[in-house]
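Hi everyone, thanks for coming. I'd like to walk you through one structure this morning, so please have a look at the screen.

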Amino acid sequence: MAAHHASYMDAALRVPVASPAVREELRAGLIPLAGGFFDMGARQSRFREDFDAPRRRVWLSPFRMSPTACTNAEFARFVAATGYRTVAEVEGWSYVFHLLLDDPARFPKSPPGLPWWRKVDGACWSAPEGPGSGTAGREDHPVVHVCWFDALAYCTWAGLDLPTEAQWEFAARGGLARKKFPWGNTMSPKGRPAMNTWQGRFPVENTAEDGFLATAPVAAFAPNRFGLYNTCGNVWEWARDLYAPHPPKGPFPLRDPSGPLQGGARVQRGGSYLCHVSYCDRYHVHSRTRNDPDSSTGNAGFRVALDQGSDESTARRTRRMQSTRERRSRTSSAASSPSRTTSVNARLAFDGRNVHLTFR
Ligand SMILES: [Ca+2]
């Protein structure tokens, strides 16, 4: 584990825990989900490197999930209570989408191959478009420019978890089996946008037919049958798991899968307001991508969950598993999200029981 990653992990785990009353309040806002068997993944993947196919049977214990992504107001409350500084604030910059900048030419630095992302000094959760911008009027929008460590810090304070990738997908599907979206297989039922993605010519013209150029309020559009809003589109959401290929279909269903034990990148799910069929239509319930845990962008946030019957929050679990997971970890490349650091080549193998991740 890189030294600065260890430092961010420590900071996230050292955050003071909220009072019992606040933790109970936050817990009460979660939606109980029964779990059970479901088919995870797609029949066929458009992006083979995403490994979101084939479908396989998964069994989940009951758990709880927040109906929406964490909002700016909720994150502000956490920061006010703890004094936590996000990684973007510590490092002094984050990635902002070029069309959201008044003068993109002033910010010429981009990650390799992703010229629409601009490195903006001073961009962070409370200044999403850089110095001079703010979240006023967007209190109910999802917090962005938060990396995986920042999401973990929020969970430490709240006494909650990040969802596992399997929990996220179960919840996002809303009980609809083998569908592409939380409402069925048609992207825009009755011709009306049902989520916040990109319309027009990516990345230069956004017609915003869905009503939103960038983030939408977390409860915009109709919820799924479980009562969850915007699982697809709006912002990518961090999952608890390290990233690896899904295991291939096997004779036995996976029980409460929680990802590989080794690796560098973390899973993101759900797609964002920048997803478009011409470039990155990763806005399906089975779509997935990854990014390094210290990387933040203006189109990624998180939602919280809780493993029912477990007193072990993500923070505690992470602390327990940290030594195992991180001893051999390195940073791996991002699929569609820009990373802070240089990518390296990873080799993944599945031996029938476990996924093995090694780096070259
Ligand atoms: Ca939109």
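Let me start with a question: are the residues on the two faces of β11 buried or exposed? Keep in mind that what you see is a predicted model. The answer is that β11 is covered on both faces. R266 and Q268 point to one side, V267 and R269 to the other, and all of them are buried.

Now let's see what surrounds that strand. β11 belongs to an open sheet of four strands, ordered β12-β11-β9-β13, with mixed pairing. The edges are taken by β12, residues 288-291, and β13, residues 300-302. Each of these two has a single partner strand, so one side of each is left without a neighbour in the sheet. From one strand to the next, the twist averages 45 degrees.

Let me go through the partners of β11. Strand β11 covers residues 266-269 and runs antiparallel to β12, with four bridges joining the two. On the β12 side, R266 sits opposite N291, and Q268 has T289 as its bridge partner. Then there is β9, residues 236-242, which pairs with β11 over three bridges, again in the antiparallel sense. Here L242 is the residue that stands opposite R266.

Next, the loops. Where does Y283 sit? You will find Y283 in the loop between β11 and β12. Y283 counts as buried because it has 26 C-beta neighbours inside 10 Å, and 20 are enough for that label. Leaving out residues up to four places away in sequence, Y283 touches M195, T197, C232, G233, G271 and C275. Take M195 from that list: M195 and Y283 are 88 residues apart along the chain, yet their C-alpha atoms are separated by 9.0 Å.

A second aromatic residue is worth a look, and that is F181, in the loop between α6 (165-173) and β7 (200-201). F181 has 23 other C-beta atoms within 10 Å, so F181 is buried too. With residues up to four places away in sequence set aside, F181 touches M187, C232, H284 and V285. You may remember C232, which Y283 touches. F181 and T231 are 50 residues apart along the chain, and 9.2 Å separates their C-alpha atoms.

Let's move on to the helices and the core. Which residues touch the most other members of the largest nonpolar core? They are F149, A151, Y154 and L162, in a core of 84 residues. Helix α5, residues 148-158, supplies the largest share of this core, with nine residues.

And α5 has a helix packed against it that I'd like to show you. Helix α1, residues 3-13, and α5 have axes that come within 7 Å and cross at roughly 20 degrees. That angle is under 35 degrees, and α1 and α5 are therefore roughly parallel to each other. The crossing of α1 past α5 is right-handed. On the α1 side, the contact is made by Y8, M9, A11, A12 and L13. On the α5 side, F149, L152, A153 and T156 take part. F149 is one to notice, as we met F149 among the core residues that touch the most other members.

That's my tour, and I'm happy to go back to any part of it.

How values were computed:
Residues are numbered from 1 along each chain as its sequence is written. This is a predicted model: local features need pLDDT of at least 70, side-chain atom pairs count only at pLDDT 80 or more; totals for chains, interfaces and linings use all residues. A nonpolar core is a set of buried Ala, Val, Leu, Ile, Met, Phe, Trp, Tyr and Cys residues joined through C-beta atoms within 7 Å. A residue is buried if 20 or more other C-beta atoms lie within 10 Å of its own, exposed if 12 or fewer, and partly exposed in between; C-beta atoms are placed from the backbone. Two strands pair if DSSP finds at least two bridges between them. Axes are lines fitted to C-alpha atoms, for helices over the stretch in contact, and angles run from 0 to 180 degrees between N-to-C directions. Two residues are in contact if their C-beta atoms, placed from the backbone, lie within 7 Å. Angles under 35 degrees count as roughly parallel, over 145 as roughly antiparallel, 65 to 115 as roughly perpendicular and the rest as oblique. A crossing is left-handed if the near helix is turned anticlockwise from the far one by less than a right angle, and right-handed if clockwise.
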